[in-house]
Each structure stands twice: as C-alpha cells, then as structure tokens.
Amino acid sequence: MTRLTRDFGDTMQRDAVPAVSSDVVFASSRFPNYRIGANNQIIETKDDPKVLSMKEVVARETAQLLEQHNRLSVRDLASKFEKGLAAAAKLSEEVEALAVQLTQREGELIQEKAEVKKLANFLKQASEDAKKLVDEERAFARAEIEDARAAVQRVEEALQEHERMSQASGKQDQEQLMREVQEARRIKMLHQPSKVMDMEHELRALRSQLAEKTRQYLRLQKELTRTKKGGENVPHLYELEGNETLGSYLQIQPCSDNAPEVSKCSIQWYRVSSDGAKKELISGATKSVYAPEPFDVGRILQVDIISESEHVTLSTAGPIDPAAGLGTYVEALVRKHDTEFNVVVTQMNGSHHPTESIHVLHVGKMRIKLCKGKTTIAKEYYSSSMQLCGVRGGGNAAAQALFWQPKQGHSFVLAFESERERNAAIMLARRFAFDCNIMLAGPDDRAPLGT
C-alpha cells in the first residue's frame with residue numbers, strides 16, 4: 001500500500017502562486033468548504049442549506065441575549081419588590097412604636113402644659129393687679145395735679161387783679177398770695193414723685209414675690225422629678241441651686257453630711273436635648289458653678305459628680321428658659337452696623353490680667369474689635385478659627401463673663417456690666433457670624449455626643 005502525505009511546503013515552492021488583485025469580487029460572503037478526494041484532489045463542497053449565514057447567527061444570538069436579559073430584569077424586579085415589602089413592614093412597625101411614644105409624650109406635655117398654664121394665670125393675675133393699681137394711682141395723681149394747676153391759676157389771676165387795684169397797699173396781700181403760690185407748687189411737686197416712687201416700690205415687691213414663687217415652683221418640680229425616679233430610696237447627696245434661666249448661674253450644693261467635698265470631686269457638665277436623644281459634653285465646664293449661655297436655652301443641663309466612693313448625676317428640672325426681653329433687645333441691636341459694650345479684661349491668653357481698666361468691645365457685622373481708648377488690642381474678622389462662648393466656671397461672676405478667641409493662640413476673658421449685656425453680645429456676634437456662613441461657638445461645641 002502506498003502512503004499518501006501532504007507536503008504543502010514543497011508544493012508552494014514548486015508552483016508559482018499568482019497574485020490576487022485588490023478589486024476581486026467574491027461570489028460569497030464566507031469562505032467555501034473543501035474536502036480532499038481521491039488522488040489527493042481538493043473538491044469544493046456545496047453549501048449545506050441548513051448552515052446559517054453569519055448575519056442570521058448574530059441575529060439569533062442577539063435575540064437569545066435579549067430574552068435572557070429580560071428574564072434577569074424580571075428576577076431583579078421581584079427581588080427588589082420583596083426587599084421593598086420587607087422595608088415597608090419594618091417602617092410600619094417603627095411608625096407604630098413612634099405613635100406609642102408620641103402618645104406617652106403627649107400625656108406628659110398635657111400635664112406640663114396644665115402646670116405652666118396655672119403659673120401663667122397666676123402671673124397674669126398679678127400683672128393685671130399691678131396694672132390696675134398703677135392706673136388708679138396715675139389717675140389720682142393726675143387729679144391732684146389738675147387741682148394744683150387750677151389753684152395756681154386762680155392765685156395768679158387774683159394776684160394780677162390785686163396789682164391793678166393797688167400797688168401801695170397790696171404788699172402784705174402779695175406776700176400772702178406768693179406763699180399760697182409756693183404752697184400750691186409744693187403740692188404739685190409733692191404728688192408727682194411720691195406716686196411714682198410708691199409704684200416703683202410696689203413693682204419691686206411684686207417682682208421679688210414672683211421670683212420667690214418661681215424658686216418655690218422649681219424646688220417643687222425637682223422634688224416631683226426625684227419622686228418619679230424613685231429618688232426617695234437613694235441617698236440625696238447634692239442638689240443644683242439657682243434659677244434655670246439664661247442670665248443666672250447654677251451651683252452644686254451638698255445637702256447631706258455624708259456627701260464628699262465638692263472641691264475633691266471630678267465634675268463635668270453636659271447639655272442634653274429636651275427629648276434626651278442627644279448629649280453634648282461642654283468642654284472646660286468642670287467647676288461647681290456653671291452659668292448658662294444662649295446655646296443652652298431649650299436644653300437640659302446635666303452634671304456628673306465623681307468621687308472615690310460616689311458617682312452622682314444631677315440635671316435641671318427642665319430646659320433652660322430664655323431671658324425675658326433679651327430677644328427684642330438683640331433684634332434692635334441687629335439693625336446697627338456696630339454695637340459697643342463696656343468690658344473689663346480679666347484674663348489674656350490664659351493668664352490673669354492685673355489691670356481693671358475699661359475696654360470697649362465692638363461687635364460689627366463683619367468683625368469683632370477690642371479697644372482701649374484709641375488703641376486697638378485685637379481685631380479679627382469672623383472665621384472658623386474664632387471662638388466665642390460664656391465662661392465655663394469662675395464663680396458668681398460667670399454669668400457676666402465670656403470667652404473670646406480671635407485666632408489660634410490668642411484669647412481673652414471679658415467681664416460685662418450685666419448678664420443682659422454679656423448674653424446680648426454673644427447672640428449678636430453669632431447672628432452676624434451666621435450671616436457670614438460661620439458657626440461661632442465655644443471649644444468643641446461642634447462635636448455632640450450620642451449622635
């Protein structure tokens with residue numbers, strides 16, 4: 001038997017291959033199929049009618065891919081629907097729980113509203129009584145003044161008539177009439193200041209009575225809070241003294257002989273949201289005295305007292321109340337381009353400042369400036385490095401002092417003439433800084449806890 005081999009290399013070398021022209025037109029869009037027949041002959045096979053063209057194959061593959069994509073899309077939609085249904089069920093449960101909490105909170109708010117309404121009615125009645133008393137005294141004073149004016153007018157008319165009748169013989173009568181005039185004027189001057197002074201004394205007495213009622217109300221509210229929390233079974237070592245309003249100060253006072261000394265305890269103050277959800281550490285507030293500042297309004301103040309054997313937590317009976325009339329006062333100052341406050345520099349860069357000379361703090365729409373006479377001590381535009389807040393500690397004078405850091409490494413503690421001026425300066429500066437897209441606060445006030 002003869003063995004056949006295909007040596008295409010030798011064939012290609014022996015036979016010359018003609019070149020193919022570039023403008024050849026093929027009869028078919030694909031290569032033909034060949035097979036080797038007898039005697040090594042290459043025979044072209046005819047196209048199988050069942051073999052698909054390239055275009056048909058691409059179309060069929062495209063259709064299959066689209067069908068598979070549609071099946072995957074439906075499956076994804078079903079999966080997303082199931083996830084959405086589960087999320088909706090979870091949301092419904094959370095809404096129901098929130099509704100229960102809101103119902104409980106509504107009951108507490110109704111009770112608090114009743115207490116506040118009772119106190120408001122008492123204050124309203126006291127205000128009405130004071131107003132009525134003032135109106136009565138004012139009417140009485142006006143009547144007395146009118147009578148005095150009429151007496152003076154009659155005396156003056158009589159004096160003129162007497163002068164026309166006789167100047168020689170009327171000297172004695174004139175002196176008498178002058179005495180009457182002086183007496184009438186004395187009566188007039190006597191009634192005006194005395195009534196005003198009486199009204200001022202009565203208003204002061206009413207204010208002191210209202211302050212005493214407020215202190216009693218806060219004390220009773222604290223006792224009620226301790227009773228609700230079961231505080232009767234826990235040793236009562238410390239308590240917070242002071243009005244829970246802006247412009248006052250709170251102080252930790254021991255109320256038991258077994259209480260460790262406050263000076264030997266570790267103290268830290270916090271501000272807590274009214275619903276108790278957020279708790280923010282007040283950086284630097286580690287003294288037994290703390291004066292609320294405008295950031296504390298509407299929030300509950302809490303303090304931790306830690307000793308070797310005890311860990312006591314105290315809190316205010318409710319949120320810190322705003323100072324009466326302070327908002328209106330600040331709104332009036334906002335209309336000015338620059339507001340001046342008389343201050344005394346007590347500390348500079350953390351060190352005690354020995355001089356107690358009067359300085360002027362200028363709070364403007366774009367910057368804050370501290371001057372002594374014509375000399376500028378510090379001037380800085382509102383920026384993210386500036387800090388401003390109430391002094392966190394410092395005894396009874398803390399309610400009248402603030403901490404100001406114009407820039408890094410440069411700080412002041414300034415004492416104002418009153419609590420109202422200090423809080424107005426803080427609120428005004430923060431209002432202007434906010435208009436410049438700057439949040440003006442104290443150290444670490446931008447990092448609340450529990451969020």
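Visitor: What makes β3 and β4 a strand pair?

Guide: Two strands pair if DSSP finds at least two bridges between them; β3 and β4 (residues 250–254) have four, in the antiparallel sense, so the criterion is met. Leu240 stands opposite Ile252 in β4. Strands are DSSP runs (E, at least two residues), numbered from the N terminus. The model is predicted: local features need pLDDT of at least 70, side-chain atom pairs count only at pLDDT 80 or more, and totals for chains, interfaces and linings use all residues. Residues are numbered from 1 along each chain as its sequence is written, and side-chain values use heavy atoms, without hydrogens and water.

Visitor: Why do β3 and β7 stand at the edges of their sheet?

Guide: The open antiparallel sheet runs in the order β3-β4-β7. β3 (238–241) and β7 (289–290) each have a single partner strand, so one side of each lacks a neighbour in the sheet.

Visitor: Why is the aromatic pair of Phe341 and Phe416 called edge-to-face?

Guide: Rings of Phe, Tyr and Trp (its six-membered ring) pair with centres within 6.5 Å; planes under 30 degrees apart count as stacked, over 60 as edge-to-face and the rest as tilted. Here the centres lie 5.9 Å apart and the planes make 70 degrees, so the pair is edge-to-face. The pair links β10 (residues 338–348) with β17 (residues 410–416), across 75 residues.

Visitor: How do you know whether Phe341 and Phe416 are buried or exposed?

Guide: Buried means under 20% relative accessible area, exposed over 50%, partly exposed in between (1.4 Å probe, protein chains only). Phe341 has 1% and Phe416 has 6%, so both are buried.

Visitor: What makes the pair of Trp404 and Phe412 stacked?

Guide: The centres are 5.8 Å apart, with 25 degrees between the planes, so both criteria are satisfied.
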